[in-house]
Amino acid sequence: MSIEIRNVSKDFGSFHALRDVSLDIDSGELVALLGPSGCGKTTLLRIIAGLETADRGHILFDGSDTTDTHVRERNVGFVFQHYALFRHMSVFDNVAFGLRMKPKATRPAEAVIKQKVHDLLGLVQLDWLADRYPSQLSGGQRQRIALARALAVEPQVLLLDEPFGALDAKVRKELRRWLRRLHDDLHVTSIFVTHDQEEALEVADRVVLMNSGVVEQVGSPQEVWDHPASPFVYGFLGDVNMFHGRAHEGEMRIGDDAQGLRLLSPEHSAVQNSKAFAYVRPHDLDVQKYVAGSDASSGIVAKLDRAMVVGPIARLELLPLDASASGSAAIIEAQIPAQHYRELDLHEGDTLVLTPRKARVFVAQGEGI
């Protein structure tokens, strides 16, 4: 089942939840809607399900306009963050519920329902819990039962709203892997909402980054990580340092010092002396001890304020000596191998020089060309 979202907008009073959103989802694809709270991802999911009505725009399933189709007729499975299992029903009866509620003409025989429920419980690896009640299950087990119940009616589309948000980190990680394997077996067109970038990048075929009701970028996990389309995407996907400076004819100078660090940015070759920002991930900073009198253009000079060495990684927090380079963010974060940290014989209070191995430069909107 392919899904086309065409120019969908939704307002709640004066709040613009969605602004002219368009998106194509291929049949059998697993897509993550990723973004901060309030960005519109759950509203979009509910409009696809038919639980909300768009103010403008259309939703098409396999080319057919379902904008005005009732939720009961869309054949959509929905899994919520807080399970929504019926507490007075056994696990078996929870999974069977959707099948037993079908109109009499299309309702399977009870023997068929029984076999199907047992097959689904086997699929989610919980067939041994059929007679238990939700209160007797762990959070991870309840969520898998909720997923089995959604799959029981053989939905054309599976929608999951923060499905693992109420679980602890270890269980979340286990269920992420399990959901990916399950999807590879079933190939049901699936959309899940999350604000957890690690979850989206690990599970999804494609990631849709949303911010303030609009789609900022769509791409594979590798594409959005390696080639963020905007400062928002760069900042949302993992830790990042932002450095201030000026861009001019394909080069960016960081900080106020005319002799300071320069970064090549050939994509901005037409820009003339404009305000710019360089984004650098902590693991893309080369760290060395500063030698007095060395060329200031070789890197960003900073003092090591705090070092946290845990396992194979040393996480460093540094204070730039030129405060204008990092703007309002007083701390620069760097990550280096713990072995390299020991080889450099670093101590808190040392003066270091930081050189970006990889950076992405954005010119301030409204400035430049």
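At 46% relative accessibility, Asn273 counts as partly exposed. This asparagine is a friendly place to start a tour of the model, which is a predicted one. Asn273 belongs to the loop that links β13 (262-264) with β14 (274-280). Its backbone deserves a look too: phi of Asn273 is near 40 degrees, a positive value in a residue other than glycine.

A second asparagine makes a good companion. Asn75 sits in the loop between β5 and β6 (76-79), and its phi, near 55 degrees, is again positive in a residue other than glycine. Asn75 is partly exposed, with a relative accessible area of 28%. Positive phi values also turn up at two glycines: Gly50, which comes right after helix α1, has a phi near 95 degrees, and Gly311, in the hairpin of β16 and β17, takes one near 65 degrees. The table puts these four residues side by side.

| Residue | Place | Phi |
|---|---|---|
| Asn273 | loop between β13 and β14 | near 40 degrees |
| Asn75 | loop between β5 and β6 | near 55 degrees |
| Gly50 | follows α1 | near 95 degrees |
| Gly311 | hairpin of β16 and β17 | near 65 degrees |

**The chain as a whole**

Now let us step back. The protein chain carries nine helices and 20 strands, and its C-alpha atoms fill a box of roughly 85 × 45 × 35 Å along the principal axes. How many of its 369 residues, as a percentage, count as buried? The share is 47%. Contacts reach across the sequence as well: of those between residues at least 6 apart, 68% join residues at least 24 apart.

On the outside, the chain exposes about 17,800 Å², and carbon and sulfur atoms supply 49% of that area. As for charge, there are 40 positive and 50 negative side chains, with the centres of the two sets 7 Å apart.

**The four-stranded sheet and helix α1**

Strands of a sheet pair through backbone hydrogen bonds, in either a parallel or an antiparallel way. The first sheet on our tour is an open one of four strands, in the order β2-β1-β4-β5, with antiparallel pairing. Its edges are β2 (15-25) and β5 (64-65), each of which pairs on one side only. Strand β4 (residues 56-61) meets β5 in the antiparallel sense over two bridges; in one of the pairs you can look up, Phe61 has Ser64 of β5 as its bridge partner.

Helix α1 lies across β1 (3-12), β2 and β4, and runs at about 120 degrees to β1. Is α1 largely enclosed or largely open? Seven of the nine residues of α1 (residues 41-49) are buried, so the helix is largely enclosed by the rest of the structure. The buried residues are Lys41, Thr43, Leu44, Leu45, Ile47, Ile48 and Ala49. A lysine and a threonine are thus on that list, next to leucines, isoleucines and an alanine. Directly after the helix comes Gly50, with the positive phi already noted.

**Gln141 in helix α4**

Helix α4 (residues 139-152) holds another residue to inspect, Gln141. With a relative accessible area of 17%, Gln141 is buried, because the cut-off for that class is under 20%. Which residues does Gln141 touch, leaving aside those up to four places away in sequence? They are Leu126, Trp128 and Leu129.

**The five-stranded sheet**

The next sheet is also open and has five strands, ordered β15-β19-β16-β17-β18, with antiparallel pairing. Here β15 (285-289) and β18 (332-337) are the edge strands, each pairing on one side only. From one strand to the next, the twist averages 45 degrees.

Within this sheet, eight bridges join β16 (residues 300-310) to β17 (residues 313-320), and the two strands run antiparallel. Two of the partnerships can be picked out by name: Ala302 is matched with Pro320 of β17, and Val309 with Ala314 of β17. The β16 and β17 hairpin has two residues between the strands, and this is where Gly311 takes its positive phi.

On the way to the edge, β17 pairs with β18 in the antiparallel sense over six bridges. There, Leu318 stands opposite Ile332 in β18, and β18 is one of the edge strands of the sheet.

Terms used:
Residues are numbered from 1 along each chain as its sequence is written. This is a predicted model: local features need pLDDT of at least 70, side-chain atom pairs count only at pLDDT 80 or more; totals for chains, interfaces and linings use all residues. Side-chain values use heavy atoms; hydrogens and water are left out. Buried means under 20% relative accessible area, exposed over 50%, partly exposed in between (1.4 Å probe, protein chains only). Contact means heavy atoms within 4.5 Å. Accessible areas come from the Shrake-Rupley method with a 1.4 Å probe; for residues, only the protein chains shown count as cover. Lys and Arg count as positive and Asp and Glu as negative; His and the chain ends are not counted. The place of a charge is taken as NZ of Lys, CZ of Arg, CG of Asp or CD of Glu. Two strands pair if DSSP finds at least two bridges between them. Axes are lines fitted to C-alpha atoms, for helices over the stretch in contact, and angles run from 0 to 180 degrees between N-to-C directions.
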